[in-house]
Amino acid sequence: PAAPVHEDDACTALGGGRRGGPVLDLRGCDYDLSGSWRNAAGGEGAPEAVAIPVSVEFDEAEKAFVFFEGGDVLRVPLATNPQHMRAVSYAAWVKVPRKPQNLAWLMSQHPDYGWSRALALNDYRLGNVSISTSRYWDSG
């Protein structure tokens, strides 16, 4: 069986800024309540930090941001569309206290290029918890 992941492990596991490594690395444990979330990877084309809207809450005990349906989101100025990045991988640690009442698209690129590159938690069109693709997909 896999060993449990502890906060310190989660905050040091990936590293960053190396060739072929993460371009963007934002971890709750790195946020210092300043309104600016530092990018630990520092990859090419990525922002040094992400501005946090004052309306987005941060739970210090969980070391995590808290979002509400219809509320503000975090916007990261990083081009991930196929014209800028041929291939991408997204990863996120998420704690959902109850079933979302919306489609719960967790991460997506903007502008969208036809259902491209997103993580969804409750989208029936994708099989609920899924990724989006450029064509029909059912995570089943």
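Tutor: Strands, going by DSSP, are E runs of at least two residues and helices are H or I runs of at least four, numbered from the N terminus. This is a predicted model, where local features need pLDDT of at least 70 and side-chain atom pairs count only at pLDDT 80 or more, while totals for chains, interfaces and linings use all residues. Residues are numbered from 1 along each chain as its sequence is written, and side-chain values use heavy atoms, leaving out hydrogens and water.

Student: What does that strand and helix rule give for the protein chain?

Tutor: One helix and seven strands. Starting at the N terminus, the order is α-β-β-β-β-β-β-β.

Student: What makes S6 and S7 paired strands?

Tutor: Pairing takes at least two bridges found by DSSP between two strands. S6 and S7 have three bridges and run antiparallel, so they satisfy the rule. One contact point to look up is Leu 119, whose bridge partner in S7 is Ile 131. The two strands form a hairpin with four residues between them, and Gly 127 in the turn has a positive phi of about 90°.

Student: And why do S5 and S6 count as a pair?

Tutor: Same test: S5 and S6 (residues 118-123) share three antiparallel bridges, so the minimum is met. Here Trp 105 has Ala 120 in S6 as its bridge partner.

Student: Why are S5 and S7 called edge strands?

Tutor: The three strands make an open sheet in the order S5-S6-S7, with antiparallel pairing. S5 (105-108) and S7 (128-131) each have a single partner strand, so one side of each lacks a neighbour in the sheet. Neighbouring strands are turned by 15° against each other on average, ignoring direction; the axes behind that angle are lines fitted to C-alpha atoms (for helices, over the stretch in contact), with angles running from 0 to 180 degrees between N-to-C directions.

Student: On to charges. What makes Asp 25 and Arg 27 a salt bridge?

Tutor: The rule wants a side-chain nitrogen of Lys or Arg within 4 Å of a carboxyl oxygen of Asp or Glu. These side chains meet at 2.7 Å, N to O, so the pair passes. The rule gives four salt bridges in total.

Student: How do you know which of the categories, buried or exposed, fits Asp 25 and Arg 27?

Tutor: Buried means under 20% relative accessible area, exposed means over 50%, and partly exposed lies in between, using a 1.4 Å probe and protein chains only. Both residues come out buried. Of the 140 residues in the protein chain, 24% are buried.

Student: What about Arg 38 and Asp 30: why are they counted as a salt bridge?

Tutor: Their closest N and O atoms are 4.0 Å apart, so the pair is counted under the distance rule. Arg 38, at 46% relative accessibility, is partly exposed, and Asp 30 is partly exposed at 25%.

Student: What does the salt bridge between Lys 95 and Glu 62 tie together?

Tutor: The closest N and O atoms of that pair are 2.8 Å apart. Lys 95 is in the loop between S4 and S5, Glu 62 in the loop between S3 and S4, so the bridge ties together parts 33 residues apart in sequence. Lys 95 reaches 64% and is exposed, while Glu 62 has 42% and is partly exposed.

Student: What makes Leu 26 and Trp 37 contact partners?

Tutor: Contact means heavy atoms within 4.5 Å. Setting aside neighbours within four places in sequence, Leu 26 is in contact with Trp 37, Arg 38, Asn 39, Val 50 and Val 76. The C-alpha atoms of Leu 26 and Trp 37 are 7.2 Å apart, but the rule is about heavy atoms, so that distance doesn't decide it. Leu 26 sits in the loop between H1 and S1 and is partly exposed at 24%.

Student: Which residues make the nonpolar surface patch, and what lets Trp 115 join?

Tutor: Leu 103, Trp 105, Trp 115 and Tyr 124 make a patch of about 410 Å², an area from the Shrake-Rupley method with a 1.4 Å probe, where for residues only the protein chains shown count as cover. Patch members need over 30% relative accessible area and no salt bridge; nonpolar side chains (Val, Leu, Ile, Met, Phe, Trp, Tyr) are joined within 5 Å, like charges within 9 Å. Trp 115, in the loop between S5 and S6, has 33%, so its area clears the bar.
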